[in-house]
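Work through these exercises with the structure in view. Try each task before you read its solution.

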Amino acid sequence: MLDDFYIRALLAGLGVAAATGPLGCFVVWRRMAYFGDATAHAAILGVAIALPFSISLEIGVLAAAFAMAIGVAGLSGRGLSADTLLGVAAHAGLAVGLVALALAPNRVLDVEALLFGEILAVSVADLALIWGGGALIAGLLIWRWRRLITATISAEMAWAEGVDPKREQMVLTIALALVVAVAIKVVGALLITAMLIIPAAAARPLARTPEAMAVAATAIGAGAVWAGLEFAWAADAPAGPSIVAAAVAAFALTLSIGGLIRRAR
Amino acid sequence: MPEVPAEVNAEIEAKGLAVTLAGRRVLRDVDISIASGEIVTIVGPNGSGKSSLLKALIGAVPVSDGAVKRRSGIRIGYVPQKLEIDATMPITAARFVGKGGETALARCGVAECAGRQLSELSGGQVQRVLLARALTAEPTLLLLDEPTQGLDQPGAADFYELIEDVRTETGAAVLMVSHDLHVVMSASDRVICLNGHVCCEGAPSVVSSAPEYRALFGFGTRGALALYQHRHDHSHHEAAE
């Protein structure tokens, strides 16, 4: 079964959706979209640094994404607004990363694959990484779920209840760096944030509890992976962007359904 | 009005507390002590460190000097100024309050909100839901950071009445920050007047006639916080300990 590249692509996409569904909810609730961009774009820089030193690309991506996430979190609150700081960091990762890639010696790399993913070229080893990483992220979130929700609702209330919101922020930072390493092959550095935000946003009108929203976001992400792959296959369109476009269609659909429900009440 | 000896049975106590935020010293030499079952209100102008003091007591901001001592077995319920919750988070009031939610919501007079989304509630309802959540921990100390901000005067008076009832029923100590000077005076056992340090403290009637208090808030209903020009630097202890 795993001999079929289409099946491998589908499994890879589903693995990513399982991680980005619940994590994406926190990104939306805590307004961390730009933070996600900065972390994801740092991956390009990570690849550029890993290449000349013959470090594995996954390690390079993970290290760069993690360093960026920690760096940005540490710099915030020092004069510049968080929005500006994240904007600088996100575009710095992208621009400096692309320049460094062009200057990197020895190896020709498909930049487009890095930016938009190459889900149809996923290997069995990639699959293992994606599902292993996805399970790690989902496990981390489930383990910390109650504390993460409390810290997201109110930092002070969390302190008073014995939950350190800074530690929970760190849990999300680690999960974000992991998700970048997991998803870069599937949707590429530019569209990772899309897979975090869009399924979660599409799930919002359907859910009345945080858990329901996380489950719905995962289901919508999985549906988008399937629909996007089918479309890409039939129309010979790029797979990563097709998946994200399918998620956007789901968002438009639930948005109008939500509007109808509210009017009916 | 109960006379409360401050050092006996203190739920929480701060000695020589100092807090520095972003290089600015917002609190210094703060000594406070909250006894079991008393209602203490902190008043002070904007930027006087009221919220920082509460945050230092729960450990949300680091203490640069001094110490906070909590009675062993203390259970703290905290009611924040407002919820930062994003409208994108779906959560009903009952779920937010948690175990025993329905009962706690009914106790706080908002039973009808149980099944509604938190983001759809009015300011007054949110404050009562927040209090309900704090109560489910069966707190021995309730901390409230400007709980009536955004409520009209009858709403604020109702809320303080509820706090007083809760204190009577549970015996919990209450420490709150407030802007509503008039209501504070009737609802508190003790008032602490804060402006980077403790300017004066004591029974409401004593504090309201203290020169330090007058300097901070003016006379009568004028109470204009913006006109603050406080030069006294000494403490005024005769009322408290």
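A residue is buried if 20 or more other C-beta atoms lie within 10 Å of its own, exposed if 12 or fewer, and partly exposed in between, with C-beta atoms placed from the backbone. Helices (H or I, at least four residues) and strands (E, at least two) are DSSP runs, numbered from the N terminus. This is a predicted model, where local features need pLDDT of at least 70, side-chain atom pairs count only at pLDDT 80 or more, and totals for chains, interfaces and linings use all residues. Residues are numbered from 1 along each chain as its sequence is written, while chains are lettered from A and ligands numbered from 1 in the order in which they are written.

**Exercise 1. Take stock of chain B.**

Step 1. Count the elements: chain B has eight helices and nine strands.
Step 2. Check burial. Of the 241 residues in chain B, 44% are buried.

**Exercise 2. Lay out the six-stranded sheet of chain B.**

Step 1. Apply the pairing rule: two strands pair if DSSP finds at least two bridges between them.
Step 2. Read the order. It is β5-β6-β7-β3-β8-β9 (chain B), in an open sheet with mixed pairing.
Step 3. Find the edges. β5 (76-79) and β9 (198-202) of chain B each pair on one side only.
Step 4. Add the twist. Neighbouring strands are turned by 15 degrees against each other on average, direction ignored. Angles run from 0 to 180 degrees between N-to-C directions, and axes are lines fitted to C-alpha atoms, for helices over the stretch in contact.

**Exercise 3. Describe β8(B) and its two partners.**

Step 1. Start with β3 (residues 39-43) of chain B. Four bridges join β3 to β8 (residues 190-194) of chain B, and the two run parallel. B:Val40 stands opposite B:Arg190, and B:Ile42 has B:Ile192 as its bridge partner.
Step 2. Turn to β9(B). Four bridges join β8(B) to β9(B), but this pair runs antiparallel. Here B:Ile192 stands opposite B:Glu201.
Step 3. Look at the hairpin of β8(B) and β9(B). Three residues lie between the strands, and B:Gly196 takes a positive phi near 80 degrees.

**Exercise 4. Which way do the residues of β8(B) point?**

Step 1. Recall the rule. In a regular strand the side chains alternate between the two faces of the sheet.
Step 2. Apply it. B:Arg190, B:Ile192 and B:Leu194 point one way, and B:Val191 and B:Cys193 point the other way.
Step 3. Check burial. Five of the five residues of β8(B) are buried, so the strand is largely enclosed by the rest of the structure.

**Exercise 5. Place two helices against the sheet.**

Step 1. Define contact: two residues touch if their C-beta atoms, placed from the backbone, lie within 7 Å.
Step 2. Place α1 (residues 50-58) of chain B. Helix α1 lies across β3, β5, β6 (141-145), β7 (173-177) and β8 of chain B, at about 145 degrees to β6(B).
Step 3. Place α4 (residues 123-136) of chain B. Helix α4 packs on the sheet and touches β5 and β6 of chain B, its direction making about 170 degrees with that of β5(B).

**Exercise 6. How many residues does each chain bring to the contact?**

Step 1. Count them. Chain B gives 18 residues and chain A gives 17 residues.
Step 2. Locate them. α1 and β5 of chain B each supply at least two residues of the side that touches chain A.
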